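Thanks for making time this morning; I would like to walk you through one model, and please have it open as we go.

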Amino acid sequence: MKEIVNCVAYADGVRVADVNLDDVGNYLNDRNQFVWIGLYDPSEEILSQVQTQFHLHELAVEDAHSAHQRPKLEQYGNSIFVVLRTAQINQDHHTEFGETHFFVGDSFIVVVRHGSSVPYTDVRARCEDTPEHLRNGQGFVLYAVMDFIVDRYFPVVHDLEQELESIESKIFKEKPTRETTEQIYDLKRELLEVKRAVSPLIDICNRLMRFDIKCISEETRPYFRDVYDHVIRINEMVDNTRELLNSAMEANFSLLSIAQSDVSKKFAGWAAIIAVPTMVAGFYGMNFRFMPELQWHYGYYVVISVTFVVCFILWYFFRKSGWL
Amino acid sequence: MKEIVNCVAYADGVRVADVNLDDVGNYLNDRNQFVWIGLYDPSEEILSQVQTQFHLHELAVEDAHSAHQRPKLEQYGNSIFVVLRTAQINQDHHTEFGETHFFVGDSFIVVVRHGSSVPYTDVRARCEDTPEHLRNGQGFVLYAVMDFIVDRYFPVVHDLEQELESIESKIFKEKPTRETTEQIYDLKRELLEVKRAVSPLIDICNRLMRFDIKCISEETRPYFRDVYDHVIRINEMVDNTRELLNSAMEANFSLLSIAQSDVSKKFAGWAAIIAVPTMVAGFYGMNFRFMPELQWHYGYYVVISVTFVVCFILWYFFRKSGWL
Amino acid sequence: MKEIVNCVAYADGVRVADVNLDDVGNYLNDRNQFVWIGLYDPSEEILSQVQTQFHLHELAVEDAHSAHQRPKLEQYGNSIFVVLRTAQINQDHHTEFGETHFFVGDSFIVVVRHGSSVPYTDVRARCEDTPEHLRNGQGFVLYAVMDFIVDRYFPVVHDLEQELESIESKIFKEKPTRETTEQIYDLKRELLEVKRAVSPLIDICNRLMRFDIKCISEETRPYFRDVYDHVIRINEMVDNTRELLNSAMEANFSLLSIAQSDVSKKFAGWAAIIAVPTMVAGFYGMNFRFMPELQWHYGYYVVISVTFVVCFILWYFFRKSGWL
Amino acid sequence: MKEIVNCVAYADGVRVADVNLDDVGNYLNDRNQFVWIGLYDPSEEILSQVQTQFHLHELAVEDAHSAHQRPKLEQYGNSIFVVLRTAQINQDHHTEFGETHFFVGDSFIVVVRHGSSVPYTDVRARCEDTPEHLRNGQGFVLYAVMDFIVDRYFPVVHDLEQELESIESKIFKEKPTRETTEQIYDLKRELLEVKRAVSPLIDICNRLMRFDIKCISEETRPYFRDVYDHVIRINEMVDNTRELLNSAMEANFSLLSIAQSDVSKKFAGWAAIIAVPTMVAGFYGMNFRFMPELQWHYGYYVVISVTFVVCFILWYFFRKSGWL
Amino acid sequence: MKEIVNCVAYADGVRVADVNLDDVGNYLNDRNQFVWIGLYDPSEEILSQVQTQFHLHELAVEDAHSAHQRPKLEQYGNSIFVVLRTAQINQDHHTEFGETHFFVGDSFIVVVRHGSSVPYTDVRARCEDTPEHLRNGQGFVLYAVMDFIVDRYFPVVHDLEQELESIESKIFKEKPTRETTEQIYDLKRELLEVKRAVSPLIDICNRLMRFDIKCISEETRPYFRDVYDHVIRINEMVDNTRELLNSAMEANFSLLSIAQSDVSKKFAGWAAIIAVPTMVAGFYGMNFRFMPELQWHYGYYVVISVTFVVCFILWYFFRKSGWL
């Protein structure tokens, strides 16, 4: 995949031209025009070219190069720098995170994609289909891409919720195993990661919809409330899943304890049942000279029968009181 | 059930006419009049008709169609969009949630009911019985329906409290079982759901009674304090139940541990009692040539009696010290 | 007990006359006068009479009738409506809660007592003894009754603290029992109830001492700081007791675990001691033709002595290492 | 110890005269002068004398008499009333709490000491040694005594930290005992008490250094930042110790569980080892007519040797797999 | 190492002269010049010399001498006093903490290094390499050193994260041991220490980038946002590690419980298997006169075979149901 995915100028919400990165300057002075550049894992060279063209702040560009930021919104003079984390489920049902950085200025938006994530060509297409919205400028593009990124968290969270359900059914229907415990731990870890990726977005959306950021047009602000709403919901779903997972874990402890107790009882019960004939046999193994029963003709059978009956009574009694 | 349950115009708090959705425009200009429309699971078509009539915001209508919102209040220009979750207990004693959306504007209120919930015909009847209140306009209708929805949470929460009591009595009076643990987990899950449905209402009521929302008349605001009060109480009851449930669960752990200990002791006690005669019998089973007791005439009886006495003493001792 | 306990007019802090509820209007216009009415479980009729006389808000009167409110302060125009929960310990050492509602207006205070609680005749007497304070009007009466109510929480909390001490001594000095666990749970429940009754008072006192509530005279406000201080202390005592109770419960778990371990060790130790002679006896019970020891004259005694010595050594060794 | 420990007038930071409580009025009008009175467990009589002299508020004097206040700062007109809790370690290594109350007004400070605490004669001496500071008036005296009180918390907290270390070494190096559990509980209780005594000081210092309290001169305010800093540190140390104590407790649980498991394994291992010869002996104790081994000349020795070897193999195997 | 590491004057971002501490006054009046002094564990004498030269506040210098402060920023008139904690990993993989104090004034910065930490000669060199930045004055130096200190926390935290991973693999792959528990406790302690060292920096950076501190030039402020960002990330990594550690500990408990249960089952299983032949042997050891089997020629072999088969069946059954 090439580094510069796209570099297009728009006027009144309509695509005007594919421009060269060096000619971008021509499109920056007209208020009705703006440039939307898409980069993918760009080299330092390209980034510094972008920096020169749009007069970006040195620190923001540095951050955009090293892709291990936490989601944030930083204002540098008239332009803003936004970092988001993208998420998607890979084939092994694990969540993979990528990063997308935005430079938004007076008549441009640069979208820098890092790591594993879906390309934003669909978003671009959809935006170009609604020129009445795209007319609102780079702010709307920021919304469109953020909305796209946030919406891709829903399947991720649904996947985690299903993982929780699978854990629940393991805990309540099957036997507790080491695997369940490890699965719980892994789910916790993933929830924590999603939480860390999503929760800073609440503050970011809040600032985008409330505060006076010049490069975001007035009309676009309500749209960020929509993103905000989705972020809140994802956040709530994650919190919910975490809380239920904690309860599931406590239930697991409780059931382990009960299972342990059941094993003890079963063991104790059978030990008691077996101890009786052993004791009886021991008695009639004694070598006393005078033990009348030993001389009885059916003594042996009587003893065997009696011990069997006693054992059966014990078994029945234990069975009834739930020990076996 | 038809989609448009009702569409009525009111003037000075008195029912004026059943109107057709298309003629609604005639009633929107007079300040003393307002239209109250009730919809049930409306199609996109009807919603877009409503949108056109009342100039509703596109995003709000989108939300109103997809019924999986969290409770919220959003202001779009002069009108507000409110989402509430309704709750009721079904026949299996499980809580079922539905949703009700409100569009409230300058002289209209649209109530959109989704999923399982009681119809609001009773509310309408009661409102029409008190024209002196209904005169306050669509704000009062909003209050009336919200009050109705919130009041229906009380039986739900009472049901959960009774569930807690049933768990308590199982923990303290009966034996710990796998079922109790599962019941605890289920109650936790339901409490979490009710909590999620109710707690955003605190903020919504707050905004309705404090902030300057034009379509809610000044006189109606104190009424929302009443709803607020109920919401706070439901919230508190849920928190209370959750905290007690946690304590009950800890008590359960503790009792499981004591029960486990009791089993161990009982087992150990009986093992000790049975070990004695077994050992004695073993001794008199030895084949030494010179074992004077074996020759005694009553040796056998003496040994049996002595071991029985020893066993009884052990049993008594264990009994007294609480092992058996 | 009659519904209208008292209905007295005061002028300049001095009792002027016992008035009839219908004649109360005569005393409401003079700024130096005010009426103090005491009701007990009033009927709807009386309440509506009071409502008419003092022009109270319909919602407040509704609340005053149904006695299951949470503590709150609500302002209706010039008058305020305050709900407090009263507490006292009954003969079974359980906390019983009642409710007291206040309507305070420009020159009146109505005190409505519900459920089990001490009558406020003593408060009235003490107030009448200090006309220099009572001169401050209905605000001072509100303070006096609130102070009385809050002070009655101290013995309740002391009782709960003693309950905690009894639990502590049971945990650390006696054996863990099912009863202790249940006692812990009950104490938690009671603490939660007291907490719920007391904690809203912090906010109520805050508003009474800070905000501009007209019917409370300027001079009376510092007094509510005194009530505030007591409420904070009661709250802190409850929190403290809860935290210690949690620690006590954890200590209980820990001790249960140690006790369990001790039982296991003791059992294992005795099992080992008894296993030795049983094994030895088994060996000399074998029927080999050539077992020289069996022929020894003192073989039997030697074997008995040796096994006894071995058992004693084991016992001594286990004793020393803390297993028995 | 007498009730009035000291009553001295200062002018420009220099001691002027030991004055009689009744003559104090002469020193209150000059802005450069102030009176510093030290009381110890004063009688109601003395307190009311002080109240009259300095026009103190009735409620503050009431509080000063009953020594069971929580730390607080209350403003009454121009003067403030401060309550602090003092702490020191007694000979049994337990923390003892006392109380010190301050009345600070326009040109006086009354320091009332209650319960066990070190006298403030040293503080007075040190203050008199630096007249350039004492010149700042009663505010500086308040600082000096508060600093003295707060600094005495450091040894208390260090003692608690050492207690934690002793618990740690008991948990990780020695065996878990009932005593450790009780020690943990006691430490928790003491930490809670220190926390309660110290944490309200954060707010008090904040108000003294930030808000405009007239009787505290502008120059003295930065000094309270110093006290604030110490309070924050003590608070942090207490929180730290509490958190580590919780972790230690969890580690204790974990180790108890491991120890329990070790006992079980050891017991199971030895039981298995002993069960083998017992079983073998049982077999050769059978009375079958045809059991060729019994006739072998060295049968007995072979059996003994073989069982011994088997036992040794089991022992070795269990040893290697960590069961013994 | 000498106490005064460096004492250099800069003009317009360029090194002008190595100056003597006594001649520093000459460089303090020109706005384009500033002095950067580096001290290492300075004596009281040197500190008082510095205090005189720069008119530092007595309380700040006192704090600078005793090196056990918590991170803080204090403003004294025009100058500020900053305390940071430095961290590095020593050879035993333990975190060692040092302290660095800063006095920043109108045209000077004094950096006081205490305890184990890397010298700041590299920072000085790098600063001197970028005169365009160093031109911004002492504020930029403060940033450069703070950035250096904060960046050295990353390897420390990475080390703790690796420690967590090692614990994880011990818990999930190996057997639970006392060492793991101790390792968990130690990691918790270290995380707590790092947390305490880092978290106050959030507030410090906030104040440096937001509030109007004169000695920090306007241009330097955005740089502190960079430090802030790093601090937030370190903080988050620590919190993350703590939370995962807690989950790991809970998983450990769970696995201990399962392991315990497995031991019990194994023990119970083998006990049952061995109990059978013992019982059978006991029976045929009875001395009844009439026991036909005893007379059978192959009785002995039959009994041995049958018990062996029974034992094998038991073994197979237990194996299949997961007990062995």
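How far apart are the nearest C-alpha atoms of chain C and chain E? They are 9 Å apart, and the two chains do not touch, where contact means heavy atoms within 4.5 Å. Chain B and chain E likewise do not touch, with their nearest C-alpha atoms 9 Å apart.

I should say early that this is a predicted model, in which local features need pLDDT of at least 70 and side-chain atom pairs count only at pLDDT 80 or more, while totals for chains, interfaces and linings use all residues. Residues are numbered from 1 along each chain as its sequence is written, and chains are lettered from A in the order in which they are written.

Turning to symmetry, a turn of 72° with a shift of 0.1 Å along the axis lays chain D on chain C with an RMSD of 0.1 Å, the superposition being by least squares on C-alpha atoms of residues with pLDDT of at least 70 in both copies. That is the relation of a five-fold axis. The copies use different surfaces, in that 16% of the contact residues of chain D recur in chain C. Within chain D, the residue whose C-alpha comes closest to the rotation axis is D:G285, at 4.6 Å.

As for the single chain, the C-alpha atoms of chain A fill a box of roughly 120 × 35 × 30 Å, taken along the principal axes. Of the 324 residues in chain A, 56% are buried, which here is under 20% relative accessible area with a 1.4 Å probe, protein chains only.

Terms used:
Heavy atoms only, no water. Buried < 20%, exposed > 50% of the residue type's maximum accessible area, 1.4 Å probe, protein only.
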